[in-house]
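The following report walks through one chain, from a single aromatic side chain to the strands, the spaces and the backbone around it. Please keep the sequence and the model open while reading.

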Amino acid sequence: MFKYQLKDDAMMKLIFAFCMFSILSINSIPAFSQSIPCEPNRVGLSDTTIKLTDADMPPLSPSMPYNVLLGYLVADSVFKQFDRKQMTEFMRRQTDNDTLKYMKKFMYLIEDYNPIDFYLYLSHEKSTYKLFTDNAEQLIYSQLTKMSNQPFIDYILSASFFIAHVNIIDTIRRVQVTDVDSNMEIAIAECQIIDTIKGKVIPECHDLNIIGHDIKNINKNKILSYQPALPGSCLQFQYTIQWHRGAPYGPYLMDSTGKQLTKKNMEYIVFLRPRLICWDSTSTYYYFTPVNTGSITYSMYPIINGIVQDPNNDFGFGTGLTVSEFITNLRNKINTIINYPN
């Protein structure tokens with residue numbers, strides 16, 4: 001009953017403008033803490049969710065905000081009717097116009113509403129869809145960057161599923177030999193949220209005393225539910241030490257003493273997104289990790305003496321800003337995105 005027929009280019013623009021980033025399931029799907037069948041020797045973070053089936057696509061809920069529900073319905077029709085070539089051609093025709101600005105707006109609103117469920121959609125193996133949304137996602141990011149006069153901030157606000165001011169309360173460092181980052185060191189940070197900027201829900205935290213030591217003995221029936229991303233909530237993320245940081249700070253995500261970039265009892269502004277580990281027949285396995293933007297902090301901006309450390313002025317706000325000034329500038333930019341065209 002919710003099918004749309006696209007008859008001309010004007011209608012296609014309308015469809016894409018209101019839906020390309022409006023695909024997610026609002027229903028919280030239980031997450032399980034367990035050994036991963038498809039990565040049995042993994043020692044890093046792993047959040048597990050029940051994989052959406054083709055019958056769940058698209059998953060709708062009457063509790064969704066109007067803009068999310070609208071995009072959901074329209075996008076279901078789009079993804080079943082158009083292939084990658086048509087999507088690529090459509091995106092290449094977009095300038096800094098209303099269509100692209102609406103895409104950016106709805107992308108932000110939907111990721112903010114439930115970043116985990118949106119990722120479940122993106123990582124779903126959609127056998128019935130001609131156009132895979134992960135490909136569409138990258139096409140839109142690329143065009144947003146090309147057309148923007150502030151490409152860094154437009155990209156990081158779009159590609160981040162979760163943004164927060166956090167205090168790191170614990171860290172561990174492990175050698176992972178079976179992950180996609182084979183034989184590299186991983187760093188896991190456990191944080192307390194001070195202020196959430198984007199993303200209203202997060203997974204519950206794991207026990208860091210188990211991760212990397214005896215993960216196979218975790219109770220496989222323990223359900224880790226999603227929690228509101230409120231001040232005081234626990235957040236965990238992971239990154240690989242050998243990812244490149246860039247000159248003059250050294251090639252990897254370490255300081256001059258060889259310690260990992262994120263440190264206990266320090267505050268950061270972090271920009272994160274889920275990263276797929278693997279699938280099995282019933283579940284999707286993933287973890288949160290910093291967004292790769294090319295920044296020397298790898299999207300983890302330290303706060304020292306109340307000042308956000310952005311030495312390359314990535315955001316164009318200027319250097320030496322207090323936390324309050326930095327976050328206010330971020331939210332001002334966000335407001336211009338989500339309130340378009342007002």
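Apart from its neighbours within four places in sequence, Tyr298 is in contact (heavy atoms within 4.5 Å) with Trp243, His244, Leu253, Pro290, Val291 and Asn292. This is a predicted model, in which local features need pLDDT of at least 70 and side-chain atom pairs count only at pLDDT 80 or more, while totals for chains, interfaces and linings use all residues. Residues are numbered from 1 along each chain as its sequence is written, and side-chain values use heavy atoms, with hydrogens and water left out.

Tyr298 sits in the loop between strand S10 (283-290) and strand S11 (300-304); here helices (H or I, at least four residues) and strands (E, at least two) are DSSP runs, numbered from the N terminus. Its C-alpha atom is separated by 8.3 Å from that of His244, although the two residues are 54 residues apart along the chain. Because its relative accessibility is 8%, Tyr298 counts as buried, a term that stands for under 20% relative accessible area, with exposed meaning over 50% and partly exposed the range in between (1.4 Å probe, protein chains only). For the chain as a whole, 55% of the 342 residues count as buried, and among contacts between residues at least 6 apart in sequence, 74% join residues at least 24 apart.

**Strand S11 and its partners**

The chain has eight helices and 12 strands. S11 is largely enclosed by the rest of the structure, because four of its five residues are buried. Strands are said to pair if DSSP finds at least two bridges between them. Strand S9 (residues 267-279) is joined to S11 by four bridges and runs antiparallel to it, and within this pairing Tyr268 stands opposite Pro302. S11 also pairs in the antiparallel sense with strand S12 (residues 307-308), over two bridges, where Ile304 has Ile307 as its bridge partner. S11 and S12 form a hairpin with two residues between them.

**Backbone with positive phi, and a cis bond**

Which residues have a positive phi, and what are the values? The table sets out three of them with their places.

| Residue | Phi | Place |
|---|---|---|
| Ser299 | near 65° | loop between S10 and S11 |
| Asn305 | about 55° | turn between S11 and S12 |
| Asn313 | near 55° | loop between S12 and H8 |

Ser299 counts as buried because its relative accessibility is 0%, whereas Asn313 is partly exposed, with a relative accessible area of 30%. In addition, a cis peptide bond with omega of about 10° joins Tyr340 and Pro341, and Pro341 lies in the segment after H8.

**Helix H7 and the aromatic cluster**

Helix H7 (residues 151-159) is mostly covered, with seven of its nine residues buried; these are Phe152, Ile153, Asp154, Ile156, Leu157, Ser158 and Ala159. Phe152 also belongs to an aromatic cluster with Phe271, Tyr301, Phe315, Phe317 and Phe326. A search of the whole structure finds 16 aromatic pairs, where rings of Phe, Tyr and Trp (its six-membered ring) pair if their centres lie within 6.5 Å, and planes under 30 degrees apart count as stacked, over 60 as edge-to-face and the rest as tilted.

**Pocket and cavities**

Where is empty space left? On a 1 Å grid over the protein atoms alone, a cavity is a set of points where a 1.4 Å probe fits but cannot get out, and a pocket is an open set with protein on both sides within 12 Å along at least five of seven lines; lining residues have an atom within 4 Å of a point. The largest pocket holds about 210 Å³ of space. Of the 13 residues that line it, the closest to its centre are Asp96, Lys101, Lys104, Asp154 and Lys333. The elements giving two or more residues to this lining are helix H4 (98-113), helix H6 (133-147) and helix H8 (323-338).

Three cavities of 30 Å³ or more are found in a search of the whole structure; a volume is the space filled by probe spheres set on the grid points, which are joined across faces, edges and corners. About 70 Å³ of space lies in the largest cavity. Its lining consists of Leu45, Asp47, Pro203, Glu204, Cys205, His206, Cys234, Leu235, Gln236 and Phe288, and the largest share of that lining, three residues, comes from strand S8 (residues 234-240).
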